[in-house]
Amino acid sequence: MDKRDILSLSFDELVTAMEECGEKKFRATQVYQWIWQKRVRSFDAMSNLSQKLREQLAEVFYFQTIKVSTAKKSTDGSCKFAFSLFDGNVVEGVLIPAKDRMTACISSQVGCGLQCAFCATGSLGFTRNLSVGEITDQFFVMDAAAKEDGGQGISNIVYMGMGEPLMNYKNVMSSIDRLTEEKGAGLAPSRITVSTSGIIRNIKQLADDGFSCNLAISLHAPKDMLRSQIMPINKTNPLAKLSDALAYYHEKTGDRITIEYVLLQGVNDSVQHARELAEFTKRFPVKINVIEYNPHEKAPYKKSDRQTLDAFVSFLKGLNLIVNVRFSKGKDIAAACGQLAAKQKRK
Ligand code: SAH
Ligand code: SF4
């Protein structure tokens with residue numbers, strides 16, 4: 001019999017799997033606690049189980065997890081981790097400290113198949129989806145590191161690392177279950193944000209599934225022609241339909257939607273673009289994050305100058321929209337979310 005990845009199992013699935021091995025439910029409860037609350041990643045560490053049971057479990061299950069290969073601290077306090085996976089692939093995560101919070105940016109896929117023209121991950125192409133444990137354990141490893149550093153640990157998680165989370169829907173949703181459920185890490189859903197380039201079918205699915213975390217849409221262009229040029233996914237998921245999906249999402253969840261907009265010099269950063277962006281957001285309440293572009297050698301774009309950024313932001317604020325500017329972090333270590341792992345792979 002093939003071994004099963006124990007980190008991919010929900011509590012109910014673990015109960016069933018252990019019952020199939022002749023174990024009672026309370027044993028599954030103990031094992032689940034070891035995994036998701038005490039955060040151990042070997043059966044040897046499960047000290048309230050008999051030696052025999054630990055050996056039996058190790059014959060039936062394995063842990064598909066990650067290892068830190070490098071951790072680099074930036075002069076601005078952010079820290080980039082490269083994680084190696086069992087098959088030699090590498091993904092990255094970033095810890096980003098701010099005044100009253102510590103945000104972890106985590107990856108959902110090895111590479112990404114959507115090829116946005118400005119994105120370093122997009123230039124890698126798609127290799128594979130991450131498993132549930134490969135996603136959750138980025139959080140657990142970085143949380144431990146943040147605490148070792150003398151801090152409170154991670155307060156917020158953003159799915160803004162490598163990959164398109166809604167193209168790995170099932171595992172991403174299971175990872176969120178493990179991170180938020182009481183039997184798991186117990187994080188408040190309001191502290192988790194999933195960022196998507198706009199996979200319409202799965203935005204509707206989120207609404208139908210009662211998604212309770214925050215949703216962020218990488219818009220980056222308010223009109224189809226431009227958006228299709230810089231984000232090929234727009235050709236099959238165009239703005240009118242995206243708008244319908246977001247209106248549906250808001251109707252079902254009642255939630256405000258975050259709109260991400262990276263400013264690319266001379267491409268999408270005029271006041272006219274800001275006007276069109278405001279127009280796009282009329283059907284649902286939004287919070288707009290204007291993001292400073294983090295240039296890299298895989299793409300020809302530059303970040304907009306300060307004056308252009310200010311004019312763009314002032315125009316939106318003048319319409320009473322909620323606007324935040326996100327300046328790039330960890331520039332010296334290539335740590336910006338959405339700018340990950342290209343260097344590692346080249347080695
Ligand atoms: N695939 C998802 C999540 C990962 S990318 C998505 O596209 O939303 C996370 C965010 O980083 C997205 O808004 C993405 O457009 C942005 N991004 C990508 N490359 C960037 C860069 N070089 N500088 C700044 N932001 C970038
Ligand atoms: Fe993929 Fe997001 Fe990068 Fe686009 S911006 S290529 S969807 S990771």
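In this predicted model, the shell around ligand 1 comprises eight nonpolar, 10 polar and three charged residues. The shell holds 21 residues, of which G163, S195, S218, H220 and N294 come nearest to the ligand. Two strands contribute repeatedly. Both β10 (192–196) and β12 (257–263) supply at least two residues of the shell.

Polar contacts to the ligand involve the protein backbone at several positions. At G163, a backbone N or O atom lies 2.9 Å from a nitrogen atom of ligand 1. At N294, a backbone N or O atom is likewise placed 2.9 Å from a nitrogen atom of the ligand. T196 contributes a polar backbone atom, 3.5 Å from an oxygen atom of ligand 1. The ligand exposes 530 Å² when taken alone, and the protein buries 95% of that area.

The strands β10 and β12, which line the ligand, also belong to an open sheet of 10 strands. The strand order is β3-β4-β5-β6-β9-β10-β11-β12-β13-β14. Pairing within this sheet is mixed. Its edges are formed by β3 (67–73) and β14 (322–326), each of which pairs on one side only. On average, neighbouring strands are turned by 20 degrees against each other, direction ignored. In the sheet order, β10 stands between β9 and β11, and β12 stands between β11 and β13.

One pairing can be described in detail. Strand β5 covers residues 90–98 and strand β6 covers residues 101–105. The two run antiparallel and are joined over five bridges. Within this pair, P97 stands opposite M102 of β6. In general, the strands of a sheet pair through backbone hydrogen bonds, in either the parallel or the antiparallel sense.

Two residues other than glycine have positive phi values. For Q115, phi is near 55 degrees. Q115 is located in the loop between β7 (109–111) and β8 (126–129). With a relative accessibility of 52%, Q115 counts as exposed, because the cut-off for exposure is over 50%. For N320, phi is about 65 degrees, again a positive value in a residue that is not a glycine. N320 sits in the loop between α10 (306–318) and β14. This loop therefore leads to an edge strand of the sheet, since β14 pairs on one side only. N320 has a relative accessible area of 71% and is exposed.

Definitions and conventions:
Residues are numbered from 1 along each chain as its sequence is written. Chains are lettered from A and ligands numbered from 1 in the order in which they are written. This is a predicted model: local features need pLDDT of at least 70, side-chain atom pairs count only at pLDDT 80 or more; totals for chains, interfaces and linings use all residues. Side-chain values use heavy atoms; hydrogens and water are left out. Helices (H or I, at least four residues) and strands (E, at least two) are DSSP runs, numbered from the N terminus. Axes are lines fitted to C-alpha atoms, for helices over the stretch in contact, and angles run from 0 to 180 degrees between N-to-C directions. A residue is near a molecule or strand if one of its heavy atoms lies within 4 Å of it. A polar contact is a pair of N or O atoms within 3.5 Å; within protein, one must be able to donate a hydrogen and the other to accept it, and residues adjacent in sequence count only if both atoms are side-chain atoms. Accessible areas come from the Shrake-Rupley method with a 1.4 Å probe; for residues, only the protein chains shown count as cover. Ala, Val, Leu, Ile, Met, Phe, Trp, Tyr, Cys and Pro count as nonpolar, Asp, Glu, Lys and Arg as charged, and the others, Gly among them, as polar. Buried means under 20% relative accessible area, exposed over 50%, partly exposed in between (1.4 Å probe, protein chains only).
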